[in-house]
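Here are my notes on the model, set out as numbered points so that you can follow each one with the structure open beside you. Please read them in order, since some of the later points build on earlier ones.

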Amino acid sequence: MNSMNESSRSSTTIAIQASLKKRYARERRFQWYGRIAVLTGFVFLFILLADIVVKGTPAFTQHFIKLDIDFNAQEMGVGQTPSTGELAAADYSAVVKSSLREMFPDAKGRSEKKALYRLISIRAEYTLRDMVLENPALIGTRAEVWLLAHSEAGSYLKGQVDPATPESDRRVKDMQIAWLDTLAQAGRTESRFNTTFFLSGDSREPELAGIKAALYGSFYTLLVTFCLAFPIGVMAAIYLEEFAPRNRLTDLIEININNLAAVPSIVFGLLGLAVFINFFELPRSAPLVGGIVLSLMTLPTIIITSRAAIQAVSPSIHEAALGVGASKLQTVFHHVLPVAMPGVLTGSIIGMAQALGETAPLLMIGMVAFIMDVPAGVTDPSTVLPVQIYLWADSPERGFTEKTSAAIMVLMAFLILMNGLAVYLRKRFELK
Amino acid sequence: MRQEGGLASLHSLPNHYGYMAAVWAALPAILVLLLWMAFESSILHRLVIAQLPQNVQEMPADELGLYYNQIRGFASGAIDSAQLDRSQIEAAEYYSRVAASFSQLKAVIVVLVAVIGTLLALRRVTPLFRARNHVEKIFEWLLFGCSFIAVLTTLGIVLSVMFEAIRFFQIIPLQDFLFGLQWSPQMAIRANQVAASGSFGFVPLLLGTLLISLVALLIAVPIGLMSAIYLSEYASRNFRAITKPVLEILAGVPTVVYGFFAALTVAPFIRDLGESLGLNVASESALAAGLVMGIMIIPFVMSLSDDIINAVPVSLREASLGMGATMNETIRKVVLPAALPGIVGGVLLAASRAIGETMIVVMAAGLSAKLTINPLEAVTTITVQIVTLLVGDQEFDNPKTLAAFALGLVLFFVTLLLNFIALHVVRKYREQYE
């Protein structure tokens with residue numbers, strides 16, 4: 001019976017059965033390709049984030065070194081009872097240097113002494129000056145003072161320098177390592193949270209550089225962007241959804257919005273340079289121009305998402321309002337827009353997040369200046385966080401690499417916050 | 001009979017009459033103010049130049065521009081008098097006088113316009129006047145104006161970039177730019193210097209841009225497409241709900257972060273890898289920039305392909321599966337061919353993204369323009385050159401600066417063309433299945 005059945009099967013069935021195994025294997029392989037593709041995406045994301053977190057975390061701490069400072073009036077170049085003006089202009093680096101020499105008498109010759117002085121940041125002078133100005137009685141006394149370490153000394157204390165590498169390949173030399181080890185064993189080094197990073201502007205010295213100026217610049221730029229892009233975007237969306245007649249002009253506007261969404265951001269920078277800076281002569285490097293350029297860039301995003309939100313409002317609200325005699329404008333502003341607001345806000349926040357991360361157009365309008373001071377308004381020269389990241393990434397100093405990663409972490413934290421807010425709003429909107 | 005007096009006798013709500021007065025007071029005044037601000041500096045310029053001695057007025061345009069800037073700088077107190085000649089100081093005094101009277105005049109005119117506007121509006125306020133319709137008509141125009149900004153922006157981009165580019169092509173012939181094989185925009189400072197002319201051949205930049213974009217697409221298209229297929233055809237609902245947003249984080253990472261990652265992590269890694277294999281890899285290789293750019297556009301390709309694959313009718317899939325085809329045979333022989341036009345459109349959109357991307361290449365690609373298709377060498381791109389030419393001080397009559405605008409023009413039209421074709425293809429594809 002069995003053999004009868006086998007032979008009665010057509011040759012096609014046999015051929016198919018023979019190929020089935022191969023086909024199933026191919027099916028499994030295909031699924032695996034898919035899994036591998038998804039996994040590759042995950043791996044890329046993980047490497048990217050891990051790389052930045054690993055590089056950036058050390059920047060949030062800073063090392064301090066405790067020195068015995070002898071506030072010797074003679075060495076500081078002031079009299080025994082100096083005036084405040086004299087104290088402000090006194091030579092504080094001299095006392096730091098003599099304290100270091102006293103502690104490490106083995107430093108002989110110019111270059112060795114120079115290496116010794118390089119353990120302490122130049123901030124030390126200002127720390128001492130502020131101490132003395134606050135308490136002039138310190139003159140002539142000795143005191144233990146915690147002073148900020150130089151970025152290179154700090155990187156050794158953080159364990160980023162391997163003493164086993166050849167001396168010529170590293171910035172921290174053998175002598176400095178020996179001194180730092182001595183200091184560490186004597187309990188004269190300490191790691192603290194890096195407040196400088198959040199409380200100061202850019203600096204040539206990695207240990208003194210911070211993101212405060214860039215944060216304010218970003219804030220002012222986004223403020224201008226929001227004040228322009230939000231009302232204009234929402235009003236444009238209202239017009240296109242509720243008022244626009246079907247004609248050529250409306251088509252032209254819609255095509256333009258869709259095309260602008262795909263124009264490379266650097267082209268908006270060229271527009272800003274040629275029109276706002278060159279033609280209207282607005283100030284260079286200012287958040288005002290940056291904000292205008294970014295608002296033109298984010299307008300398409302805001303218009304497109306706002307239109308979708310307005311479209312999603314139920315027609316019954318519309319008709320009810322019109323039915324009781326509201327005009328079209330009253331219907332939109334009193335009834336449709338409040339219902340669509342969460343969707344509109346979600347789109348705007350996403351647009352703002354885009355603007356916050358944008359760099360290229362701002363390079364065009366000169367926001368790449370070296371900014372130490374916090375800008376006080378929208379017309380002051382300033383830089384923004386992504387541009388600060390670009391500037392630090394370009395800097396040859398090793399100490400800036402960890403600053404760059406740390407600044408990226410701050411930027412990403414803001415972006416996550418903004419996107420999280422957008423997701424929250426969308427969720428609440430969906431519940432209604 | 002209408003009753004006299006009381007709110008009922010008004011055509012509109014009282015606040016509409018108020019709105020009307022406010023709009024008439026504010027709008028014309030703001031318009032006048034904006035127009036004034038737009039043209040004030042150029043009128044000042046004309047007036048001051050006309051006051052200057054004849055020999056100064058006949059100076060070449062760039063020297064005259066510098067001369068005028070010094071006058072302005074002195075008037076605003078930024079430059080001290082030591083650097084200036086007598087006629088400049090006189091001109092600066094004249095400039096300050098005119099500027100002061102201009103700002104007084106501005107205030108007077110703006111206030112006058114506001115007052116006249118208000119009076120005109122007040123004259124028209126009568127109980128029968130249709131204030132609501134009037135205000136709403138104005139508002140509708142305002143709304144239209146807001147949406148018209150999109151057109152103005154495009155117009156602004158085209159005109160500003162075109163205008164500077166035309167000035168560039170008056171100095172450097174168009175065919176030299178389009179077909180020249182060498183790009184070295186170093187212009188001499190003095191006209192009679194040896195080797196005074198830089199070369200502005202666009203071909204190496206185009207080749208470099210295409211090379212990096214090609215590497216990016218070779219990374220992003222297979223990964224993005226396969227992920228989209230897996231997520232839409234195989235993955236469970238839950239897996240999809242978690243995976244998609246996580247992969248889309250890649251699209252939200254700022255480009256400057258990718259640039260940093262490319263320049264400081266990927267490029268050295270690829271260089272060391274190449275060295276250990278005995279290959280000579282440049283530290284700013286096209287491969288590194290392209291790889292990172294590819295990572296950036298994975299989610300872009302993924303969500304576009306996802307939309308397109310989902311738009312393929314279920315009936316096609318069911319027919320194929322009903323005939324006994326396996327899932328992957330259905331996908332490869334039915335779904336993908338059906339989705340092909342849409343996927344091509346998506347890839348074109350991704351290509352236009354890659355071509356216009358700036359920060360990754362500025363930070364990780366090279367500066368020197370080489371004619372090569374070897375991804376291990378350093379190449380430069382259109383966007384890198386725009387940034388290098390324009391960052392720092394610029395003078396608007398130097399071919400170097402103008403060249404950036406010519407590149408910008410090319411970039412704008414290339415991306416526009418790619419987008420136009422892509423959107424057209426995608427729309428045609430969607431219509432096919434509707």
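1. Chain A contains 19 helices and three strands, and, like everything discussed below, this comes from a predicted model. The radius of gyration of chain A is 32 Å, whereas the globule rule gives 22 Å for 432 residues, so chain A is more spread out than a compact globule. Its C-alpha trace spans about 105 × 85 × 40 Å along the principal axes.

2. Two further values help to describe how chain A is folded. Of its 432 residues, 43% are buried, and among the contacts between residues at least 6 apart in sequence, 76% join residues that are at least 24 apart.

3. Chain B is divided into domain 1, covering residues 8–146, and domain 2, covering residues 199–433. When the centres of these two domains of chain B are taken over C-alpha atoms, 47 Å separate them.

4. How many residues of each chain take part in the contact between chain A and chain B? There are 67 residues of chain B in contact with 63 residues of chain A. On the chain B side, helix H5 (residues 131–171) gives the most, with 20 residues, and by class this side has 42 nonpolar, 21 polar and four charged residues.

5. The largest nonpolar core has 203 residues, and those that touch the most other members are B:Ala262, B:Ala289, B:Val292, B:Ile360 and B:Ala364. The largest share of this core, however, comes from helix H11 (residues 212–243) of chain A, which gives 18 residues. If residues up to four places away in sequence are left out, B:Val292 touches B:Tyr258, B:Phe261, B:Ala262, B:Val266, B:Ile360 and B:Ala364. A second, separate core has 27 residues, including A:Ile65, A:Leu67, A:Val132 and A:Val145.

6. Is helix H14 (residues 382–390) of chain B mostly covered or mostly uncovered? This helix is mostly covered, with eight of its nine residues buried; the buried ones are B:Ile382, B:Thr383, B:Val384, B:Gln385, B:Ile386, B:Val387, B:Leu389 and B:Leu390. These buried residues pack against helices of both chains: helix H13 (265–279) and helix H17 (360–364) of chain A, together with helix H7 (203–234), helix H12 (327–356), helix H13 (359–364) and helix H15 (399–433) of chain B. When you look for these partners, please keep the chain letter in mind, since a helix H13 is listed for chain A and another for chain B.

Definitions and conventions
Residues are numbered from 1 along each chain as its sequence is written. Chains are lettered from A and ligands numbered from 1 in the order in which they are written. This is a predicted model: local features need pLDDT of at least 70, side-chain atom pairs count only at pLDDT 80 or more; totals for chains, interfaces and linings use all residues. Two residues are in contact if their C-beta atoms, placed from the backbone, lie within 7 Å. Helices (H or I, at least four residues) and strands (E, at least two) are DSSP runs, numbered from the N terminus. Ala, Val, Leu, Ile, Met, Phe, Trp, Tyr, Cys and Pro count as nonpolar, Asp, Glu, Lys and Arg as charged, and the others, Gly among them, as polar. The radius of gyration is taken over C-alpha atoms; the globule rule is 2.2 Å times the number of residues to the power 0.38. A residue is buried if 20 or more other C-beta atoms lie within 10 Å of its own, exposed if 12 or fewer, and partly exposed in between; C-beta atoms are placed from the backbone. Domain bounds come from an automatic or database domain assignment. A nonpolar core is a set of buried Ala, Val, Leu, Ile, Met, Phe, Trp, Tyr and Cys residues joined through C-beta atoms within 7 Å.
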